[in-house]
Amino acid sequence: MKLNRNTLLVIAFLLLSFIASAQVRSVVNFNNGWKFLLGNDSLASNTNYNDSKLRSLNLPHDWSIESNFSSSFPATNQGGALPGGIGWYRKTFTVPLASKSKTTRIEFDGVYKNSEVWINGHYLGKRPFGYVNFSYDLTPHLNYGKPNVLAVKVDNSLQPDSRWYSGSGIYRDVKLVTTNKVAIAEAGVFITTPIINSSKATVSIQYTVANTGKQNEIVNLYTDVYDAAGKKVATSKNIVKRTIPVGGYSYASQLQINTPILWSTANPYLYKAITRIEHNGQLVYEVKTTFGIRSFRFDAANGFFLNNQPLKIQGVCMHHDLGALGAAYNHAAAKRQLKILKEMGVNAIRFSHNPPAAAILDLCDEMGFLVQVEAFDMWKKKKNKFDYNLYFDEWHARDIQAMVLRDRNHPSVFMWSIGNEIREQFDSTGTTIAKRLVDLVKAIDTTRPVTCALTENFPEKNFIWKSGALDVLGFNYKLYDYADLPKRFPGQSFVATETASALASRGSYDMPSDSNRIWPPDGKTPTVKGNADMSVSAYDHVYAYWGSSHETALLAVNKYKFMSGMFVWSGFDFIGEPVPYAWPARSSYYGIVDLAGFPKDVYYLYQSEWTTKPVLHLFPHWNWNKGDTVDVWSYYNNADEVELFLNGKSLGSKSKTKDVLHVKWRVPYQPGLLKAVSTKNGKVILTKEIRTSGAPATIQLIADRTKLKANGTDMSFITARLLDKHGNLVPNTDQLIQFTVTGAGFLAGTDNGFQADSLSLKSSQRKTWKGMALAIVQSQRKKGNITVTAKSAGLPISVISVKSE
């Protein structure tokens, strides 16, 4: 029997209705199938609006990153030299008839900014803060079994509003959640482990249960806990019934896990708790919560302890953009960044200066990073004309508590921060506001310390400290005062919430390397002339006046046991804040890794100090001019010394000292082979070679992943390297490359890591920087091969394949 299209649609609808009625909790990924309009078209909230000519897209989405960079945008280059504006998003969807007896809400993980939401023409509300999650109850306004129209207005038109690139749009995940009338409230499970020892761990679970029905209900509420292998290891199930009054109620229970496996940065072991509600013997609700069992504490004299073992916090600060993807969150891109940092030896991340995407905290749980989650970059006193100061009075309580509620079950999250370099440090309002913010946090979570990234380290001048509310004092920079902190703040614990602010462009070198450059030199000179090509030397001898070199900061933090550790500014370059240059510089020089994800030389300094794996890094390149004298540096570990050879001739051996974390030779240039050999007790540990290269002869393509998921979001990051005929990287000749992608994927962006490239990061063309460029390939929602082709004038075509499955 042949069925017509209408019959098939009816069958499909009935099937969806049956599934909806059987489900105890439905969470639908709501990222796909949106319509988008850039511009302030007030009709977009009208359910009869004809959106057939609007652009179709999937979320997460950032419209600002699609533009070329320009000095004309009011965000200025401090905000990334990209446009803001107003955008509208619309989605048409159907909710099954079987869901009419249920509760349905829409959950946004972040919209930048000033979002307003309508469902079927009914106004749901506004959320100014672009970095916080929020939700709306759709239930009263849904047309069940018929089309519904969701409209979202995003207004990022008032600029400048940020000290870095914010992005614009629905740039994080959206979910549609449907539950029965009796259900755990949003973020209504809170798991803590108050007692931990080698034989057992007590798991305490707090529940907030919602009842949106019209009468009290008697239910059985319990939680089962499973280990990483899926084996049930504990349960709170019993015959005790609980009465859930209309509106809801809160309960608590405890269970015990025998011989627990502890979560740590070296072994991030995770348990899964499944909370269930049964009514009249039927399962009516179920939710999974991932958690870890760990303990931590700060000690005023001896620093930080994880699971009662001392651990130096080896952290970096990270802004939220993902390079060429802008602010739009992507799982594969975020995981790539974290993998690069993990290999460097990073064990902690300060997400600055705002709550990150929820999904990246899942990755931190899984990969073993400690996380400091930060709420605000400013309170009532502005840093930009249109920043969060406009909304602080009305919204700060809801925003900071939304942050804590969302993130409090993550084992990676070990500290809350109420702000960064807040200007209320310097007047009495800082005392009142700081105490209020800490009280708001601790009303929800008392298991984690609260800090604030401070700049004023004299107690009599710091009004935030005077609140007495902070558990840990975080200080930015001023490492020359570290020795005096215990005397100034007796009994307090300390962490360096920002260090360094050192500057570098990958592959760029200015001599002499032992001549420090303070760019800018003071607060009155925001930019410098610097280098004509707007590069900054990568020898770790250039830094902003408030900061220091990476080596100096590392040595200072390591010197004092009471310093719990450090968060380097910053892990990756980010869009915006291009100190020390004016336009056309448009992204930062602070990163240990550049915007494309290519490590700068200083990456290997940290790797040599923060890991035990053998490291020997030799730089710079070896393409110079006759008569040049070149400073040659090496970072190394697990060895006594490093010997340098030029064309087979030894230039001597060098060893690090306690005050210098690299070795250096000043070498008259000769083309040929530069070789470093590290040895321990006379035994060779590692050998590294750099050869003088010739002209570019080929483009080498290297994919970080050759197999992708055909889910429409997975990514492969493909590095393009200019090589000479002998296979050596060509560091001093750059060429324009045209990237083409065919098959089951598309080109999501390109980059080269250079901070003053004004071409859109969505362009299919990219000139290499110091011989390298990047192409980002994204899968489609179909299986097949993806072919990436790179073309450049005078060079053979290069091709690489990636499979989407």
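Start by selecting Gly345: this residue sits just after helix α2 and takes a positive phi of about 105 degrees. Keep in mind as you click around that this is a predicted model.

Now step back along the chain and pick residues 331–344, which form α2. Measure end to end if you like: the 14 residues of α2 reach 20 Å from the first C-alpha to the last, close to the 20 Å expected at 1.5 Å a residue.

Next, go to the N-terminal end of α2 and show side chains. What caps the helix there? Asn330 does, with a side-chain oxygen 3.0 Å from the backbone nitrogen of Ala332.

Color α2 by burial. Ala332, Ala333 and Ala334 are buried, and further along so are Arg336, Gln337, Leu338, Ile340, Leu341 and Met344. To see what covers these buried residues, add the strands β22 (313–318), β23 (348–351), β41 (715–723) and β45 (772–779), which are among the covering elements. Then add two helices that also contribute to the cover, α3 (358–367) and α8 (603–610).

Zoom out to the whole protein chain, with its eight helices and 47 strands. Along the principal axes, the C-alpha atoms fill a box of roughly 90 × 70 × 50 Å. The radius of gyration is 28 Å, which agrees with the value near 28 Å for a compact globule of 805 residues.

Switch on a surface to finish. The chain exposes about 31,700 Å², with carbon and sulfur atoms supplying 52% of it. Buried residues make up 60% of the 805. And if you draw a contact map, look well off the diagonal: among contacts between residues at least 6 apart in sequence, 71% join residues at least 24 apart.

Key:
Residues are numbered from 1 along each chain as its sequence is written. This is a predicted model: local features need pLDDT of at least 70, side-chain atom pairs count only at pLDDT 80 or more; totals for chains, interfaces and linings use all residues. Side-chain values use heavy atoms; hydrogens and water are left out. Helices (H or I, at least four residues) and strands (E, at least two) are DSSP runs, numbered from the N terminus. The expected span of a helix is 1.5 Å times one less than its number of residues. Buried means under 20% relative accessible area, exposed over 50%, partly exposed in between (1.4 Å probe, protein chains only). Contact means heavy atoms within 4.5 Å. A polar contact is a pair of N or O atoms within 3.5 Å; within protein, one must be able to donate a hydrogen and the other to accept it, and residues adjacent in sequence count only if both atoms are side-chain atoms. The radius of gyration is taken over C-alpha atoms; the globule rule is 2.2 Å times the number of residues to the power 0.38. Accessible areas come from the Shrake-Rupley method with a 1.4 Å probe; for residues, only the protein chains shown count as cover.
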